[in-house]
Amino acid sequence: MATHAPAGTSSRTPLTEGKAWKALQSHYEKVRPVHLRNLFADDPQRGERMTAEAAGIFLDYSKNRVTGETVRLLVDLAEEAGLRARIEAMFRGEKINVTEKRAVLHVALRAPRGASIVEGGENVVPQVHAVLDRMTGFCNRVRSGDWKGATGKRIRHVVNIGIGGSDLGPVMAFEALKHYSDRSLDFRFVSNIDGTDFAEAVRDLDPAETLFIVSSKTFTTLETMTNAHSARAWSLAGLSGDEKSIARHFVAVSTNAAEVERFGIDTANMFGFWDWVGGRYSMDSAIGLSTMLAIGPDHFRAMLDGFHQMDEHFRTAPFDRNLPALMGLLGVWYSDFFGAETVAVLPYEQYLKRFPAYLQQLTMESNGKSVTLDGAAVARPTGPIYWGEPGTNGQHSFYQLIHQGTRLVPCDFIAFARPLNPLGPHHDMLMANVFAQAEALAFGKTAEQVKAEGTADWLVPHRVFAGNRPSNTILADRLTPEVLGKLVALYEHSVYTQGVIWQINPFDQWGVELGKVLAQRIIPELESRTEPALGHDSSTNNLIRRYRKLREPS
């Protein structure tokens, strides 16, 4: 019997055959050799003109290797790809995650009370706020000390157990918003199945004062539940083996009430979410319970409001002034025309030290795809590698490659006008480095300039900076919960913009499955008391045998 792709996915014009793409290809040949020095010299107002601002986020994209015509052609590409219709489809609750037949409604997680976003014939916004209200009540009890552990002691330590989006989002948000956190509560995060992760997280904790948040939609995730059972055993060992104590020291973020109850968690303390929430888009759902515990319900809701403001901007703004669309289109420009393979995200704010790691999952799990929505091979590269570190640390590490290496690395600089911890001249020095690095990347330093400094001829080539290295600069007033929400949504929608252009599905992640399935097959082979019959390739068979032998008592 014949099978068919989901409706609306099989009649698309291939990316490279469209009129807009061909126009961009022709335009690229003209723009490619032009240096940013010339672009700025020819247009004295370029630095003021090539900017966009929304919801308190300012984007300077003038240091990109583009002209006004480039931007117009990129907008034409977005129009030709149907980006506006795809945005509307997402907000309408259509099942745009076609391979899993699901809606994609992380935008509903931050919609204001009273809004309407329909999925399956039902407005989901009241459901979202019902969970937020339950989270608020629970967090207020813990933060006030009304929630007591099994021995009557106040909770002083919170350990979040999850993996992927159930870990990366909460970790990033906790670090980003630590300035606003309740310092009487100590937060730890466990994700790796490596026992060291758990052992180090609880080494100095008192079980009587420790609350575990176990985050797993199905409550069956291998890494999360292995760590959760280790936490259960650790907790019971410190609480005289009292099984009833589990209900006072464990809560769940899950949808599997039966498994949660079997674990010993009171289902009244289970906080749910929905299959239209992807893991890497879930930090503003109940997955953010640890965030709300740290910063409090009011700050958490301010973060949700920031998300929503950027959502509305993305949904309504023209693409030539639309921050997520512009950033997404520039990403396509460098990936598919210039052949750039990576993007460096460089936050000049220590609290955002985990932001690049968070973006790695958001961007690379979303757009690391090699087939289109209709199952055909993609026409051009997708999903560049995202990486980075907070400045100025990176300047004394990998900036050398960005400035003088052979690879083109587009950069996103993220900075704030006001520091959260004013300390003498520190912030002005920090901001001077932001502006200087972007300037140096764009304009470089010519051989003539180097010679004019009296440099010996033999040394001149080593001190030349080619420049013409593109960057965005993103500025906001200061890092608040609201602004963090705006920044995350900015990148979420930039990712979606690219997915639409590339005609791929940014909302599934089949690529994480195969290794997990094979691991389940290998685990009993490693644990077998007798020599197992192995049916892998010769390398894997040999490694398993070597591991088993090394593990034998000496």
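Strands β1 and β2 (residues 57-60) run antiparallel and are joined by four bridges. One pairing within this set links Ala 54 to Ile 57 of β2. This is a predicted model.

**The sheet**

The two strands belong to an open sheet of six. Its order is β1-β2-β13-β12-β10-β11, and the pairing is mixed. At the edges lie β1 (51-54) and β11 (385-387), each of which pairs on one side only. From one strand to the next, the twist averages 15°. In general, strands of a sheet pair through backbone hydrogen bonds, either parallel or antiparallel.

**Helices on the sheet**

Helix α17 (residues 426-443) lies across β12 (411-416) and β13 (471-476). Helix α20 (residues 481-502) packs on the sheet too. It touches β2, β10 (342-347), β11, β12 and β13. The table gives the direction of each helix relative to β12.

| Helix | Residues | Angle to β12 |
|---|---|---|
| α17 | 426-443 | about 155° |
| α20 | 481-502 | about 160° |

**A helix pair**

Helix α20 also packs with α13 (residues 297-316). Two packed helices are described by the angle between their axes and the distance between the axes. Here the angle is about 35° and the axes are 7 Å apart. The crossing is right-handed.

Which residues of α13 and α20 make the contact? From α13 come His 299, Ala 302, Met 303, Asp 305, Gly 306, Phe 307, Gln 309, Met 310, Asp 311 and Phe 314. The α20 side includes Pro 481, Leu 484, Lys 486, Val 488, Leu 490, His 493 and Tyr 496. By class, the contact has eleven nonpolar, six polar and five charged residues.

**The largest pocket**

The largest pocket has a volume of about 1100 Å³. It is lined by 40 residues. Closest to its centre are Gly 279, Gln 509, Val 512, Glu 513 and Lys 516.

Which helices each supply at least two residues of the lining? They are α7 (165-176), α9 (222-238), α15 (355-367) and α21 (513-527). Helix α7 gives the largest share, with four residues. By class, the lining has 13 nonpolar, 17 polar and ten charged residues.

**In brief**

The open sheet has six strands with mixed pairing. Helix α20 packs on that sheet and also against α13. The largest pocket draws on α7, α9, α15 and α21, among other parts of its lining.

How values were computed
Residues are numbered from 1 along each chain as its sequence is written. This is a predicted model: local features need pLDDT of at least 70, side-chain atom pairs count only at pLDDT 80 or more; totals for chains, interfaces and linings use all residues. Side-chain values use heavy atoms; hydrogens and water are left out. Two strands pair if DSSP finds at least two bridges between them. Axes are lines fitted to C-alpha atoms, for helices over the stretch in contact, and angles run from 0 to 180 degrees between N-to-C directions. Contact means heavy atoms within 4.5 Å. On a 1 Å grid over the protein atoms alone, a cavity is a set of points where a 1.4 Å probe fits but cannot get out, and a pocket is an open set with protein on both sides within 12 Å along at least five of seven lines; lining residues have an atom within 4 Å of a point. Grid points are joined across faces, edges and corners, and a volume is the space filled by probe spheres set on the points. Ala, Val, Leu, Ile, Met, Phe, Trp, Tyr, Cys and Pro count as nonpolar, Asp, Glu, Lys and Arg as charged, and the others, Gly among them, as polar. A crossing is left-handed if the near helix is turned anticlockwise from the far one by less than a right angle, and right-handed if clockwise.
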